[in-house]
Amino acid sequence: MKVLGINAIFHDPAAALIVDGRVVAAAEEERFSRRKHGKRPVPFSAWELPELSAAWCLRYAGLRPDDLDAVAYSFDPALCGNLADTGLRDPSDPMRVDYANRAPQFLAEALPGLDPQQVRFVPHHVAHAASAALAAPPDGGDTAVLVLDGRGEAASHLAGVYHDGELRTLASQRLPHSLGLLYEDLTRHLGFLHSSDEYKVMALASYGRPRFLPQLRELVQATGDGGFRVERIDWTALTKPRAADADMTEEHADLASSVQTRLEEVLLDLARWTYDAAGGPATLTMAGGVALNCVANARIAAEGPFRRVWVQPAAGDAGTALGAALHVARDGGPVAAMTGADLGRSWSDEELEAELRRAALPYSRPESIAAEAAEVLARNGIVAWYQGRSEYGPRALGHRSLLAHPGDSDTTARMNDVKGREQFRPIAPMVRAERFADVFDGVYPSPYMLFVHRVRPQWTDRIPAVVHVDGTARVQTVHREQEPLVAEMLAEFERRTGLPVVVNTSLNTAGRPMVDTPREAMELFGSAPVDLLAIGPFAVHRGGAFAASGATSGAASEAASGATSGAASGIAAHGGSASGAADTGGGR
């Protein structure tokens, strides 16, 4: 059975393809259109389909639209009912429902040859649930699922349990009560872009005190039946709104801390209720935009009743394309779990080399690109790491990453400067799985960076760049079986420095989607203070690329090998900083 999944209705449009029960491809439209999140979540954008990512999924599998058995659309307009009952008072909402009803015709126009009758509507939260429970590694028993986001058709939450691949819904919270919309409202009040910058609020929360918690406990409550209530909050009564370009105050951080803490408390209540209602399964799976809150996830894992918590790496709306496809494909037989988030585009070595020649960049092909990158990192250089298929979801997981030295306390500021980000934002570490327990304490394995972990005291001074203000880090565990090249790079870096950790953040700059194509990788390399572009097996050093004009492609100079532009030398084996370490983090 061949099923194409489509997410289009709110934001983060995406497409995913399931063939004979296996995930073949999945990609977000933003990686093709280069519009962050694909579009803004307004009703009149609901007609915009992930045309480019859908067409690529089919091309990748060698299929035509008329080869498909079904197209699964992750929203069911029949569930919307009377829109006035949602309590959201959005006068444009009928437009969204109308566009959803017309989706089969829109899809047939976008994918010539598709029969509109092949389009099947999948309830939004059912698609989220399937993206978690059906994609998670099986554990042999029933699987609980918890979905929380801003909104679906008429609800904002689903709690359920999967038995033999079939979902039984245990509870659902009707709108207007929504934990996701609560966090969006706070994001807007704090001067950030809602439905986009919620992760900034989560980072800011660590700098504050939850002094508004008593008021929030009165306004946001679990109801004891699997649901919750969110009363209207007068944010201005708690603290003044912040303009987007205004300074952040202690009050803003305190408000973020208070809402974050209350969110965690309510999520814990919901997780405990779900465990009991589901009959005590070992595993909880999670999806929905709220499931990208890695601080809350870690608390559920640590204090909740489940032995294992697994979060869909594309937990936001993009993941509903995959979930909708899995839900429909399940009708044709069992579906297989995800084996990784590397489900997007890739280029062969020959294609990468052709792109480097076209760009007239001097490059080399070292014996080991992993060792070459580790050498630059050990000298405190910044590496643009472009390898294999791109990631599905918002996290860079060693395929489209910016890498740096964790032992220099200036690295956080340098990386935030390179990316054009706020300085309160943390950067994350990746570590080989076998070294995880030596450095961190918390959820294991953590291959998708969806939990925070406590940094062990003996390591906080050795890897200061990845230790957030609260003593935690959002860790990616790297498993050699799944990511052999990244594991090799980490091992080479440890051999040179004694540090088993490397800084990993997404290969992009602020406001732009993650790099996807070779050309985009080269454009970032040329415009940002990055010392090495490790693109497939090829190495492009900044010194060799920009030291002399008119360099011809394909013949990197000997001097370029191992060189970095402005990189500090002499980083100590245990991560001490060296003079000049900030040279490569120059101003933008």
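These legends accompany several close-up views of a predicted model.

**View 1. Strand β7 and its enclosure within the structure.** Strand β7 covers residues 155-163, and eight of its nine residues are buried, so this strand is largely enclosed by the rest of the structure. A residue is called buried here when its relative accessible area is under 20%. As background for reading this view, in a regular strand the side chains alternate between the two faces of the sheet.

**View 2. The pairing of strands β6 and β7.** Strand β6, made up of residues 143-148, runs antiparallel to β7, and six bridges join the two strands. Within this pairing, valine 145 stands opposite glycine 160, which belongs to β7. The connection from β6 to β7 is a hairpin, and six residues lead through it.

**View 3. The pairing of strands β7 and β8.** Strand β8, which consists of residues 166-174, pairs with β7 over eight bridges, again in the antiparallel sense. In this pairing valine 161 has arginine 168, a residue of β8, as its bridge partner. The two strands form a hairpin with two residues between them, and in that turn aspartate 164 has a positive phi of about 55 degrees.

**View 4. Two cis peptide bonds that lead into prolines.** Most residues other than glycine have a negative phi, and most peptide bonds are trans. The peptide bond from leucine 175 to proline 176, however, is cis, with omega near 15 degrees, and proline 176 lies in the loop between β8 and α6, the latter being residues 179-189. A cis peptide bond is also found from tyrosine 444 to proline 445, where omega is near -5 degrees. Proline 445 has its place in the loop between β16 (440-441) and β17 (453-455).

**View 5. Histidine 37, a residue with a positive phi.** Although histidine 37 is not a glycine, its phi is positive, at about 65 degrees. The loop that holds histidine 37 lies between α1 (30-33) and α2 (51-61). With a relative accessible area of 15%, histidine 37 counts as buried, because buried means a value under 20%.

**View 6. Alanine 360, a residue with a positive phi.** Alanine 360 is not a glycine either, and yet its phi is positive, at about 55 degrees. This alanine is placed in the loop between α13 (349-358) and α14 (369-378). The relative accessible area of alanine 360 is 38%, so the residue is described as partly exposed.

Methods: Residues numbered from 1 in each chain as written. Predicted model: local features only at pLDDT ≥ 70, side-chain atom pairs only at ≥ 80, totals over all residues. Heavy atoms only, no water. Buried < 20%, exposed > 50% of the residue type's maximum accessible area, 1.4 Å probe, protein only. Helix = DSSP H or I, 4+ residues; strand = E, 2+ residues; numbered from the N terminus. Pairing = 2+ DSSP bridges.
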